Amino acid sequence: MASLNSLVVAHLPIPLTIVSVQMAFTVASVGCSPSSLSWGSLEDIRRWGAVEPFLFLGSVASSAVALNYAPTGLMSFCRHAAPLASALIEAHFRNPFVLTAHTLGSMGVMLAGAAMYLSHDFNAWTKAGVAIASVNALFAVMDRVVQRHLIANIPVDISKTMMMLLNNGIAVLPCFLLALAAGEHTQWRAKLRRVNTQSVLLVLSCLNAAALCYLGIRLQHHVTATTFMVLTNMSKLVVVIFGAAFLGEATSALSMAGVLVSIAGSFYYVEARKRAEKAPRESDSKSAHYATVMQMAEL
């Protein structure tokens, strides 16, 4: 998604307008299947619609705007730091994220790998870029955490497509108003007046945005917000390897070593989560066995 949006923004430097069009397209797509839209009560609608759509807006809009101010490497580094923040928040959920030393260690390895990969890019970082990349990472963390909370922790009775409709339908107007406030409307006539490469890229980005919105909500139902962000970061690293191996993209030995270290950290994270989730089950099993033994002794 980020790579495609980078291409679109490079050809059409009106990021908030692009995000507005993507949201409107998603709303129209979901509206074509009204039978899939369902909800339990208006309270469920209120709980989801009061906060989540605006965090979603902050995440996607700041990501698009950041493409004009922050290098891709800076965005990637901040996103690699984001799982630690989400883990600290999820540790206080009703069904808490078990934060172990191995989990923290795996996140440290991933972040170190990202730093190695981006070491050649540090000189291009600016204060404005760091600020907007940090804001984007913050919105991304809050969006994922709140979405996970409403889907799995204290769930709302809303279909996945209804969640998509609420997120995009509520966020599209504020995003459009932000585009007007940023003066992007003065470029619409010049940038969108004819069908060309830009238009094709915009359509593809709309299709991609709608698909990822749906798949993201479905995936968030099954994994924690922290794991979701780790998987997202890992997928981007796989793209880097693919580009270097098959597309001839230039990269240094240190950068590739960083990618491999970060991917190793991702596998370490998976193993750490398996151990963390296995420990409570073993403890419960021992407690149940002890209780059974005590009951038999009393008899």
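Q: A disulfide is a pair of cysteine sulfur atoms within 2.5 Å. How many does the structure hold?
A: It holds zero disulfides, so no pair of cysteine sulfur atoms meets that limit. This is a predicted model, where local features need pLDDT of at least 70 and side-chain atom pairs count only at pLDDT 80 or more, while totals for chains, interfaces and linings use all residues. Residues are numbered from 1 along each chain as its sequence is written, and side-chain values use heavy atoms, with hydrogens and water left out.

Q: What makes Cys32 exposed and Cys175 buried?
A: Relative accessible area decides: buried is under 20%, exposed is over 50%, and partly exposed lies in between (1.4 Å probe, protein chains only). Cys32 has 68%, so Cys32 is exposed. Cys175 has 0%, so Cys175 is buried.

Q: Why is Val238 called partly exposed?
A: Its relative accessible area is 45%, which falls between the two limits, so Val238 is partly exposed. Val238 belongs to helix H11 (residues 225-246). Its C-alpha atom is 9.5 Å from that of Leu260, 22 residues apart along the chain.

Q: What counts as a helix or a strand, and how many of each does the chain have?
A: Both are DSSP runs numbered from the N terminus: helices are H or I with at least four residues, strands are E with at least two. The chain has 12 helices and zero strands. Its pattern along the sequence is α-α-α-α-α-α-α-α-α-α-α-α.

Q: How much of the chain is buried?
A: Of the 299 residues, 41% are buried.

Q: Why is Gln147 called buried?
A: Gln147 has a relative accessible area of 2%, which is under the buried limit, so the label holds. Gln147 lies in helix H7 (residues 127-153).

Q: What makes the pair Gln147 and Glu52 a polar contact?
A: A polar contact is a pair of N or O atoms within 3.5 Å; within protein, one must be able to donate a hydrogen and the other to accept it, and residues adjacent in sequence count only if both atoms are side-chain atoms. The side chains of Gln147 and Glu52 are joined at 3.0 Å, so the distance passes.

Q: Which residues does Gln147 touch, beyond those up to four places away in sequence?
A: Contact means heavy atoms within 4.5 Å. Gln147 touches Trp48, Glu52, Asn167, Gly216, Ile217 and Gln220.

Q: How do you know that Asp143 is buried?
A: Its relative accessible area is 3%, so Asp143 falls under the limit. Asp143 is found in helix H7. Beyond four places in sequence, Asp143 is in contact with Glu52, Leu55, Phe56 and Ser59. The C-alpha atoms of Asp143 and Val51 are separated by 9.0 Å, at 92 residues apart along the chain.

Q: How long-range are the contacts in the chain?
A: Among contacts between residues at least 6 apart in sequence, 87% join residues at least 24 apart.

Q: Why does the charge of Arg144 count as sitting over the ring of Phe228?
A: The rule asks for NZ of Lys or CZ of Arg within 6 Å of the ring centre and within 35 degrees of the ring normal. The charged end of Arg144 is 4.0 Å from the centre of the Phe228 ring, so the distance passes. Arg273 lies over the face of Phe97, at 3.9 Å from the ring centre.

Q: What makes a nonpolar core, and which residues have the most contacts inside the largest one?
A: A nonpolar core is a set of buried Ala, Val, Leu, Ile, Met, Phe, Trp, Tyr and Cys residues joined through side-chain atoms within 4.5 Å. The largest has 19 residues, and those with the most contacts inside it are Leu16, Met23, Leu57, Ala70, Ala133 and Cys175. Helices H2 (15-31), H4 (52-66), H5 (72-90), H7 and H8 (160-181) each supply at least two residues of this core. H4 gives the most, with six residues. A second, separate core of 15 residues includes Val30, Val146, Met162 and Leu166.

Q: Why is Met162 called buried?
A: Met162 has a relative accessible area of 8%, so Met162 is under the limit. Met162 is in helix H8. Beyond four places in sequence, Met162 is in contact with Leu37, Ser38, Trp39 and Ile45.

Q: How do you know that Ser159 is buried?
A: Its relative accessible area is 15%, so Ser159 meets the limit too. Ser159 sits in the loop between H7 and H8. Its contacts beyond four places in sequence are Ser36, Leu37 and Ser38.
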